[in-house]
Amino acid sequence: MYNELVMDHMLNPRNVGELADADGAGEARSASCGDVMKLYLAIDDGVITDVRFQTYGCGAAIASSSIATELIRGKTLDEAWYLSTHDVVNALGGLPEAKEHCSVLAEDAIRAAINDYLARNGLPARETAAGTCSDCCRHDDGSCPGPEKR
Amino acid sequence: MRAENERPVYMDHAATTPVRPEVFAAMVPYFSRFFGNPSSLYTFARESREAVEEARGRVAAAIGAEPAEIYFTAGGTESDNWAIKGASAAHRRGGGHIITSSVEHHAVLHTCQHLERQGFSVTYLPVDGYGRVDPGAVADAITDRTCLISVMSANNEIGTVQPVAELGKIAREHAIPFHTDAVQAIGSVPVDVDVMNVDLLSLSAHKFYGPKGIGALYIRNGTEIENLIHGGAQERKMRAGTENLPGIIGLGKAIELAAADIEGYTRRIGGMRDRLLAGILDAVPDVALNGHPEMRLANNLNISFRYVEGEAILLLLDAHGICVSTGSACSSGSGEMSHVLTAIGLAPEMARGAVRLTLGDANTDDDIDYVLDVLPRVIERLRSISPLAPPCGDREGT
């Protein structure tokens, strides 16, 4: 059902845990299936220097969380903000279609953690623009009907 | 400790079982040697015909029925479909009303939902926290339009055994045909159609060490039922299609073996099951047994592990060569939880952490030791990843 890379991230997730002195922390919950992800970021001069996560969820949720932490480490906040679920699924070499929704969690957690960092530093929060599909992973071509229509 | 991946530790006997060597041996001659079509008239086909009737006799004997009341089908799902669609159609009274339970197998539930779309009304009876149907609720649900009552003998997910004899008695008092899906019960609990007061009973060979693709429907003499599969005159014009000859032979042998050793089997398997449960409860905090502590199939454990998700447990156990199944599936994307675990009132977080382990002939005492070594470490590992789990030292029992 899952490819080898997904299984590797499932069985040996990278960057698990908490960062005691995180510069930003965020949590995402999936309304549809109850998955929960917490993400902790160390940020230096606009760059993510360290990252940890904790995830409650199925194999796809854990693997997506794990690879997302690898994808954003060393990236700027701007790059991390625009990491899409599509990027996460691609980096994993694909997920079964029925499981693609599990990867949305990572995108949401990253954005929540970045906004937490911005708030801690007195900066305005970024907003998830309509159509970027933070609650859905099938419409990254801009055709997203929006969360309210799902 | 045995080496990992030496062989799979198979703990999913409720999904399917390995074919017993004696069963396989009995089937072999009927593939290429006695391959004749049981319906053919020449002498060569007589061996096939006689073997089918001998198998029919074995199935009948195993459940206290007459051979003429046994009809071979392609398995439990077909038997359930036939019983429910066929009996409902034959007994339809002004639209028709069916009573079933909310914890039935999908072969029953989805068939009932199909009939609802055809104009039938269906009562899905609730169950108690153990998954048991209240016979009083069945009696209360009966209307003058009720044309069929269908309640399973034992549940496939949590192993809860239903008070089938009582339910059947109520159905009989109201002259309503009573069907039971006994797919999980055969070989694990005594099944007798007269003791259980059933008119229709579904069974499937691959759940008791027979081959896949073969089952039977028991139809009590005098029970009105319409055909499901139309075509040739096989099975006394009740179920068309050339007989699955090797499958039928395998079913006959498997049910004979299963029915002959229910006591020994349940003692053997139940002993291992009880040791496994005690070991898990001892080693892992924040767990709960789903289903009834006693009124359950001897091979069944369904356990919820708080703070972790069932599929993740399954995958980690699989990496250690252990085969189990989950109580939930988020594969649909709708967060669809087991209808059985929902029906017994389990909180979503407990239902999502449910794992089913079903033991059987494939298991040894070493397997129990192995699972008791691996499973607690798997749960601990997943809890160390989970944001919901309290830190290790704060947890109850650690």
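Leaving aside neighbours within four places in sequence, which residues is His206(B) in contact with? In this predicted model, the partners of His206(B) beyond that sequence window are Thr16(B), Thr17(B), Pro211(B) and Lys212(B). His206(B) itself sits in the loop between β7 and β8 of chain B. Its surroundings contain 23 C-beta neighbours inside 10 Å, and because the threshold for burial is 20 or more, His206(B) counts as buried.

The residue just before it in the numbering offers a companion view. Ala205(B) also belongs to the loop that links β7 (200–204) with β8 (215–219) in chain B. Ala205(B) has 32 C-beta neighbours inside 10 Å and is therefore classed as buried. Once neighbours within four places in sequence are set aside, Ala205(B) is in contact with Gly210(B), Pro211(B), Ile214(B) and Gly215(B), and also with Gly247(B), Gly250(B), Leu251(B) and Ala254(B). Pro211(B) thus appears among the contacts of Ala205(B) and among those of His206(B).

Both residues carry an annotation in the sequence record. An unreviewed UniProt entry lists Ala205(B) and His206(B) under "binding site", along with Gly76(B), Thr77(B), Asn156(B), Gln184(B), Ser204(B) and Thr242(B). These positions span 167 residues of sequence and are spread in space as well, with up to 29.9 Å between C-alpha atoms.

Another part of chain B brings together positions that are remote in sequence. Ala51(B) is located in helix α3 (residues 46–63) of chain B. With 22 other C-beta atoms within 10 Å, Ala51(B) is buried. Ala51(B) and Ile249(B) are separated by 198 residues in sequence, yet their C-alpha atoms are 6.8 Å apart. Ile249(B) is in contact with Ala51(B), as are Tyr30(B) and Phe34(B), with neighbours within four places in sequence left aside.

What does chain B look like as a whole? Its secondary structure amounts to 14 helices and 13 strands. Along the principal axes, the C-alpha atoms of chain B fill a box of roughly 75 × 55 × 35 Å. The radius of gyration of chain B is 22 Å, which agrees with the value near 21 Å for a compact globule of 398 residues. Of those 398 residues, 52% count as buried. Among contacts in chain B with a separation of 6 or more, 75% come from residues 24 or more positions apart.

Chain B also meets chain A, with 19 residues of chain B in contact with 19 residues of chain A. On the side of chain B that touches chain A, α11 (310–319) and α13 (348–352) each supply at least two residues. The most is given by α11(B), which provides 5 residues. By class, this side of chain B has 10 nonpolar, 6 polar and 3 charged residues.

Within chain A, a helix pair completes the description. Helix α1 (residues 4–11) and helix α2 (residues 59–72) of chain A have axes that come within 8 Å and cross at roughly 85 degrees. That angle makes α1(A) roughly perpendicular to α2(A). From α1(A), the contact involves Val6(A), His9(A) and Met10(A), while α2(A) provides Gly59(A), Ala60(A), Ile62(A), Ala63(A), Ser66(A) and Ile67(A). The residues of this contact divide into 6 nonpolar and 3 polar, with no charged residues.

Conventions
Residues numbered from 1 in each chain as written. Chains lettered and ligands numbered in written order. Predicted model: local features only at pLDDT ≥ 70, side-chain atom pairs only at ≥ 80, totals over all residues. Contact = placed C-beta atoms within 7 Å. Helix = DSSP H or I, 4+ residues; strand = E, 2+ residues; numbered from the N terminus. Nonpolar A, V, L, I, M, F, W, Y, C, P; charged D, E, K, R; others polar. Rg over C-alpha atoms; globule rule 2.2 N^0.38 Å. Buried ≥ 20, exposed ≤ 12 C-beta atoms within 10 Å, placed from the backbone. UniProt positions renumbered as here; feature names shortened; annotations may be inferred. Axes fitted to C-alpha atoms, helices over the stretch in contact; angles between N-to-C directions. Parallel < 35°, antiparallel > 145°, perpendicular 65-115°, else oblique.
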